Amino acid sequence: MEKFCVYAVEGLTLVVLALLLVGSVMVTCRVYGGYEVVEYYPDSPLLHGLALLALTAAGAAWAGRKRRQLPLRRTALLVGGLYLLWLLVTLLLPLSDQASCIRCARELVTGNYSSWDPGGYAYRYPNQNGLILFFSLLYRIFGEATGFAVQVLNIPAMGCGIWYLYQCGRKLWLQGIRPWMLWVLALCLPFTFYITFVYGTVFGFAASMVACCQVLAFLEKPQAGRLVKGGLALALAVQLKSNYSIVAVALVILCLVLAADRRRWQHAVLAVSLAVFCLAGSRLVTGVIEGITSRQVGEGIPKLAWVEMGLQEGSRGAGWFNFYTTDTFAAYQGDSQAAGEAVKADLAETLREMRENPADTVDFFARKILSMWCEPTFQSVWIQEVKQSAIQPFAFVESLYQRDGILNAVYVAACDVFQTFVYFFSLVWLVRGWRQNRLCQLLPAIIFLGGFLFHLAWEAKGQYSIFYFFLLVPYALQGFRACALALAARWKKKMDNLKSGRRTET
């Protein structure tokens, strides 16, 4: 069963990566301004090809050199200091959902529970209650500076997530992953720029990576402590940001497959325990909120409404936010059941139209996929550009934010090449290890596939896809290292042959 699942995951990942690679070299998407409108621009496959060749050649030349290992702690402090410096020179203020969650946290602390009344933010989005509780704890400590405190705390959380992702790589590939790969992850700006995001994205990333690492350790050697740590971390990740439920599903599926294949009851217990921890975390958060506010936590906006919106055209882009969810919920006066029935009828009609117009359906999903997976910055600039700053922005910051800025052009070009780099060399890694890969090694790929398939139907945003893209980076670095070493060995062989020929002539 494990081998069958390995081939299934590899085959599907191969198809998805090949499609994304073609999209990356052919099209570059951009998102600017508060309207969040997706723009599509043609790209140059030739330039991408030349860039990949140049990077591989540079990697081959570097592979033959002796290099001193960077001191881990001092370098980590340096990178963390650079992150903090960026927060200080930008001082971005929370906006939209970020501001709403902090406002709800303030109200929870001060005894104003209007956000949990019908029509309130927390009433509409009960999935945010975990994050609101977390922010309320921070608000008791930092008060009105909670927004900036979250940004600062994002720095160690990002470091924690990257470290545990690296540790997962060491467990999966043993000596194949190298310390320099840790620094590539740490300087992957399309994701690390999310330290400016006052949300659960970075904290959830850290918790989910801790959970993955503990689960992999348990699969190697079952221990109750690892099960508890993994379950608590996974429940925390899901409560801080519901999108990390995809990680939970991937881990449960992995454990169940391995339990059936290896006939290890401990793996089955782990799968059930992870599910129980996540459900218990949700019940706990709901119970705490209901106990504090004396209000019942309802279903809020029907989950199916996000699917229907994700299959609609919109002014921002195919499947992007278009107010369908909030407008439908408001039209039925906050009645989740009535709104749910209306959404089901709309969804049935949307699916019927898609079946009757297959060409338009393919075009819709092509544009939606490109908007999420071929926008090279993954909205890492946009999430900063649209916010207000507590200070007058510096010129170099403005140059990064504005579409006609020099830093913006350099950043977009670098991210564009890096995006192609990740898709291409992830494919290389996958093809090279086709027969040798184990299911545990494909855990990041399983999560990536889950995110890709989920967002075919759900709302589209580059903010959502960046986490899954980031999980591909270790694969890409493995594939890149293999190509660079192979090229270096080939160069060395040619040089040895030339030297041998010269000696013979002499």
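## Strands, salt bridges and rings

Strand 1 (residues 27-32) and strand 2 (residues 37-42) run antiparallel and are joined by 6 bridges. Keep in mind that this is a predicted model.

Colleague: Let's start with that hairpin. Which residue takes a positive phi there?

Modeller: Look at the stretch linking strand 1 to strand 2, where 4 residues sit between the strands. One of them has a positive phi near 75°, and that residue is G33.

Colleague: And what is the bridge partner of R30 in strand 2?

Modeller: R30 belongs to strand 1, which pairs with strand 2 in an antiparallel way. Go across to strand 2 and the bridge partner of R30 turns out to be E39.

Colleague: R30 has a side chain too. Which residue does that side chain meet in a salt bridge?

Modeller: The structure holds 13 salt bridges, and R30 takes part in one with 3.8 Å from N to O. The partner lies in the loop between helix 17 (358-373) and helix 18 (382-385), 345 residues apart from R30 in strand 1. R30 and this partner are both buried. The residue you want is E375.

Colleague: Now over to helix 16. Why are E349 and R352 separated by about one helical turn?

Modeller: Their side chains meet in a salt bridge, at 2.4 Å from N to O. Both are partly exposed, with a relative accessible area of 34% for E349 and 30% for R352. They are about one helical turn apart because of their spacing in helix 16 (residues 336-356), which is 3 residues.

Colleague: Which other residue forms a salt bridge with R352, with the closest N and O atoms 2.7 Å apart?

Modeller: Stay in helix 16 and look for a residue 4 residues apart from R352. That spacing is again about one helical turn, so the residue we're after is E356.

Colleague: Let's try the surface. Is L46 buried or exposed?

Modeller: You'll find L46 in helix 2 (residues 45-63). Together with L47, L50 and L53, L46 makes a nonpolar surface patch of about 450 Å². Its relative accessible area is 60%, and the cut-off is over 50%, so L46 counts as exposed.

Colleague: On to the rings. Is the aromatic pair of Y123 and F329 stacked, tilted or edge-to-face?

Modeller: There are 35 aromatic pairs in the structure. In this one, Y123 and F329 are 6.1 Å apart centre to centre, with 35° between the planes. Stacked needs under 30 degrees and edge-to-face needs over 60, so this pair is tilted.

Colleague: How many residues apart are Y123 and F329?

Modeller: Y123 sits in helix 5 (residues 121-124), while F329 sits in helix 15 (residues 324-331). F329 counts as buried, at 3% relative accessibility. The pair links distant parts of the chain, and the separation is 206 residues.

Colleague: What about F205 and F470: which helix holds F470?

Modeller: These two form an edge-to-face pair, 5.7 Å centre to centre with 75° between the planes. F205 is buried at a relative accessible area of 0%, and F470 is buried at 0% as well. F205 lies in helix 10 (residues 201-220), and 265 residues away F470 lies in helix 22 (residues 462-505).

Colleague: Last one. Which residues form one aromatic cluster with F205 and F470?

Modeller: You've already seen F205 and F470 as an edge-to-face pair. The other members of their cluster are F191, Y194, F197, Y199, Y244, F467 and Y468.

Technical notes:
Residues numbered from 1 in each chain as written. Predicted model: local features only at pLDDT ≥ 70, side-chain atom pairs only at ≥ 80, totals over all residues. Heavy atoms only, no water. Phe/Tyr/Trp six-rings, centres within 6.5 Å; stacked < 30°, edge-to-face > 60°. Helix = DSSP H or I, 4+ residues; strand = E, 2+ residues; numbered from the N terminus. Buried < 20%, exposed > 50% of the residue type's maximum accessible area, 1.4 Å probe, protein only. Patch = residues over 30% accessible without salt bridge, like charges linked within 9 Å, V, L, I, M, F, W, Y side chains within 5 Å. Areas by Shrake-Rupley, 256 points an atom, 1.4 Å probe, with all protein chains shown as cover. Salt bridge = Lys/Arg side-chain N within 4 Å of Asp/Glu carboxyl O. Pairing = 2+ DSSP bridges.
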